[in-house]
Structure formats: C-alpha cells, structure tokens
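Here are a few exercises to work through with the model open beside you. Try each task before reading its solution.

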Amino acid sequence: MQSVLYILMTGILIGVFISAPMGPIGMLVIQRTLNKGRLAAFYTGIGAAISDIIYCLLTGLGLSFVTDFIESNRDILQVAGSAMLIVYAVYLFRSNPSRALNKAEVEPANTYWSDLGTGFLFTFSNPLILFFIISLFARFNFMDAHYMIYHYIIGYLSIALGAIGWWFVITFFVNKVRSHFNMRSLWLVNRVMAVLITTMALIGFITGIKHLIS
C-alpha cells in the first residue's frame, strides 16, 4: 500500500511538473481561456496531457530493458536527474513568458476536437520534453525492478491525473481573474515552479550524494 501511495503522489507531481511551465502550450491555453472560453482551453490542455502521457510511455518502454541497470545505479541516476532538473529550473526562472506568446498564436479552432488536436500537436512537436521526463523519472525513482504491472498502470494514470488537473486549475483560475490577468502573473507562475523544481531537485541531489558516500 505504501508503494502504491508513493507512486500515486509522485505520478501526480510528475504530471504537474511536466505541464506547469508557461511555454507555448501554456500561453495557448491561457489565450483560449481569455478568447474562446474555459472549455475550449481545457480541451487544449487535455490534448497536451495526452501528448505528455505518450512521451512518458515512450520513456518507460525505452527504459524498461535497462531496469536492472537503473536499479543498480539508482543513486547516480538520482544525482544526475536532479542536476538536470536544477539546470532546467534555472532556465525556467530566467525565461520570459511573453516571448512564448507569439509562438502560441495559431488559428482559432472551430470545434473542441480541433482544440484538443492543436494542444496535442503543439506539445508532441517538442520531443525535447523526453529529457525532462527522464530527469523526473530518475529523480523520483519512477522505474523500479520490484514494481508490478498494476504499479505502472497506477503511475501513468496518476501522471495523467496530475497533468489534466493542472489544466483544470489553470483554466479555472484564468477564467475567474480574466479581468485582472496580465503577463506578470505568467512570470510569477514560472518563478514559483522553478523554485519548487529546484527544491525537489536539491533534496534528491543531496540524498543521492549521501547514499553514494555512505
């Protein structure tokens, strides 16, 4: 039961961390919330979440054949994954969300299915997210040789829950404060997420170093 709860919590965190940075897809979702309404934006977010899950599955399948290697080098991978997350967090902290606004300017979709499709394509067109997912998997020890098939099912479902939950919250929030929304709010979200990712990464980095030394 303990491992199931851990997988559930870390899966939700991974889903949130993958979705939360305000890149082009985040700007597109916010844009659609303001211009087309919350439901159209939420469908866009679901499309992005589907893409994220596919990349997570590809990461899991790609790493499954080296499960023994991951198990025997858990601490090294945790240190390396945490270091990559710190680098990403620094980039996120310094990034300017307004630059992503131009990238998010696409033709408005006519149906919710096309909203979902553009959200999927926007996210799927960035395969570099695989490196971020690998870092998160390594940081949270998401791949474990002792896990059963139901552990992985729960894990991937919880990632989907975290990702979709994020888009539900962000569209709800933007819709509620649409009259007060500005670029500074996006900047603040990026900074908060960068601090959270850095905190989690530093804990993993220090823990991994301690295990390697001991």
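Let's fix one term before starting: buried means under 20% relative accessible area, exposed over 50%, and partly exposed in between (1.4 Å probe, protein chains only). Helices (H or I, at least four residues) and strands (E, at least two) are DSSP runs, numbered from the N terminus. You're looking at a predicted model, where local features need pLDDT of at least 70, side-chain atom pairs count only at pLDDT 80 or more, and totals for chains, interfaces and linings use all residues. Residues are numbered from 1 along each chain as its sequence is written, and side-chain values use heavy atoms, with hydrogens and water left out.

**Exercise 1. The overall picture**

Task: work out how many helices and strands the protein has, and what share of its residues is buried.

Solution:
- Start with the elements: there are 10 helices and zero strands.
- Next, turn to burial: of the 214 residues, 43% are buried.
- Then look at contacts, meaning heavy atoms within 4.5 Å. Among those with a separation of 6 or more, 89% join residues 24 or more positions apart.

**Exercise 2. One face of H7**

Task: find which residues of H7 are buried, and which exposed residues sit on the face turned away from them.

Solution:
- Check the helix length. The expected span is 1.5 Å times one less than the number of residues, so the 13 residues of H7 should span 18 Å, and the end C-alpha atoms are indeed 18 Å apart.
- List the buried residues of H7: Asp115, Leu116, Gly119 and Thr123.
- Look down the axis. These buried residues fall within an arc of 100°, so they line one face of the helix. (The arc is taken from the directions from the helix axis to the C-beta atoms.)
- Now flip to the face turned away from the buried side, and you'll find exposed Trp113 and Leu121.

**Exercise 3. The salt bridge**

Task: locate the side chains that meet in a salt bridge, and say what parts the pair ties together.

Solution:
- Recall the chemistry: side chains of opposite charge can pair when their charged atoms come close.
- Apply the cut-off, a side-chain nitrogen of Lys or Arg within 4 Å of a carboxyl oxygen of Asp or Glu. A search of the whole structure gives one salt bridge.
- Name the partners: arginine 32 and aspartate 115, at 3.3 Å from N to O.
- Place them. Arginine 32 is in helix H2 (residues 24-35) and aspartate 115 in helix H7 (residues 112-124), so the pair ties together parts 83 residues apart in sequence.
- Check burial: arginine 32 and aspartate 115 are both buried.

**Exercise 4. Two buried small residues**

Task: for serine 51 and then alanine 89, find which residues each one contacts beyond its sequence neighbours.

Solution:
- Serine 51 belongs to helix H3 (residues 38-64). Its relative accessible area is 0%, so serine 51 counts as buried.
- Skipping neighbours within four places in sequence, serine 51 contacts Phe120, Thr123 and Phe124. Thr123 also appeared among the buried residues of H7.
- Alanine 89 is in helix H5 (residues 74-94) and, at 2% relative accessible area, is buried too.
- Leaving out residues up to four places away, alanine 89 touches Ala194, Ile197 and Thr198.
- For a C-alpha to C-alpha check, alanine 89 and valine 192 are 9.9 Å apart in space and 103 residues apart in sequence.
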